[in-house]
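Trainee: I am new to this structure. Can we go through it step by step, starting from the inside?

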Amino acid sequence: MVAIAFYSITGQTKKFVLKTGLEAHEITDDFPKHEMKGEYILITPSYQDFMMDSLVDFLNYKDNKKKLVGIIGCGNRNFNDLFAQTAKKLSVTLDVPILYLLEFSGTNTDVKNVRNIVNELSEGENTEEVEKPKEMDGKISFLSDYR
Ligand SMILES: Cc1cc2nc3c(=O)[nH]c(=O)nc-3n(C[C@H](O)[C@H](O)[C@H](O)COP(=O)(O)O)c2cc1C
C-alpha cells in the first residue's frame, strides 16, 4: 500500500482519513518532523498560508518532499476560487499532481473514490493515470511562505 500522511486542524480531514480505513501518519504541530520511509500521498485541508507551518516543516524534513507522489485536498467550496487553495498551491510549488479534491470530511463517494485511487497507485499505476479534478483550471499561486 502506498503510504499516506495527513494534516488536520479542526478534525475534518482526520475524520475523512478514518472513514477510508487506510493506514496513515498524522502530521502534528507538536511533532511535524516525521520522516516518511517511502513514496506517499498527502491529504491536506486548506487554510491561509500562515496556518500551514507544520505542514511546511514536515515537507522540508529529510526527503519528505521528494517522496511525495500525490496530493488529496480537502476544503470548503464556499471559498470559491480559494477552494482547496493549500492543495493547489502545494501542487504547483512542488510539481506534484492533485489526485482528488473533497469537502470537509468527505461523502461516501469520496471515501470510495479515494480508496480506489490509493489501491490503484499501490498496484503500480502511475499518478498520470488518475483523473484530475476539474477545479484545477485558472490561476494558482505558489504557497507564499514556502521556505
Ligand atoms: C479560518 C479558516 C480558513 C479556511 N480557509 C479555507 C480556504 O481557503 N479554502 C478552502 O477550501 N477551505 C477553507 N477552510 C475550510 C477548511 O479547509 C475545511 O473545513 C476543512 O475540511 C478543514 O479540515 P480540518 O478540520 O482537517 O482542519 C477554512 C476554514 C477555516 C476555519
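Trainee: Which residues does I72 touch, not counting residues up to four places away in sequence?
Mentor: Keep in mind that this is a predicted model. Leave out residues up to four places away in sequence. The contacts of I72 are then I41, I43, L99, Y100 and V114.

Trainee: Which residues of the largest nonpolar core touch the most other members?
Mentor: This core has 31 residues. I72 is among those with the most contacts to other members. The full group is F6, I41, I43, I71, I72, L99 and Y100.

Trainee: Which element gives the most to this core?
Mentor: Several elements give two or more residues, including β1 (3–7), β3 (40–44), β4 and α5 (108–122). The top contributor gives five residues. That element is β5, which spans 98–103.

Trainee: Why are the buried residues of α2 on the same side?
Mentor: The buried residues in question are L55, F58 and L59. They lie on the same side of α2 because the arc they cover around the axis is only 95°.

Trainee: What covers the buried residues of α2?
Mentor: α2 runs over 53–60. Both strands and a helix take part in the cover. It includes β1, β2 (25–27), β3 and α3 (64–67).

Trainee: Which residue with a positive phi follows α2?
Mentor: Look just past the helix. The phi there is near 45°. The residue is K62.

Trainee: Now the ligand. Which element gives the most to the shell around the ligand?
Mentor: The shell holds 19 residues, and S8, Q12, T13, P45 and G75 are the closest. Two elements give two or more residues: α1 (12–20) and β4 (68–75). The leading one gives three residues, and it is α1.

Trainee: How many residues of that shell are charged?
Mentor: Nonpolar residues number nine. Polar residues also number nine. The charged count is one.

Trainee: Step back. What pattern does the protein chain follow along the sequence?
Mentor: The chain has five helices and five strands. Read in order, they give β-α-β-β-α-α-β-α-β-α.

Trainee: What radius of gyration does the protein chain have?
Mentor: The globule rule gives 15 Å for 147 residues. The chain comes close to that, so it is as compact as a globular protein of that length. Its value is 14 Å.

Trainee: What share of the contacts with a separation of 6 or more comes from residues 24 or more positions apart?
Mentor: Take burial alongside: 32% of the 147 residues count as buried. For the contacts, residues 24 or more positions apart account for 75%.

Methods:
Residues numbered from 1 in each chain as written. Predicted model: local features only at pLDDT ≥ 70, side-chain atom pairs only at ≥ 80, totals over all residues. Near = placed C-beta within 6 Å. Helix = DSSP H or I, 4+ residues; strand = E, 2+ residues; numbered from the N terminus. Nonpolar A, V, L, I, M, F, W, Y, C, P; charged D, E, K, R; others polar. Core = buried A, V, L, I, M, F, W, Y, C linked by C-beta atoms within 7 Å. Buried ≥ 20, exposed ≤ 12 C-beta atoms within 10 Å, placed from the backbone. Contact = placed C-beta atoms within 7 Å. Arc of directions from axis to C-beta. Rg over C-alpha atoms; globule rule 2.2 N^0.38 Å.
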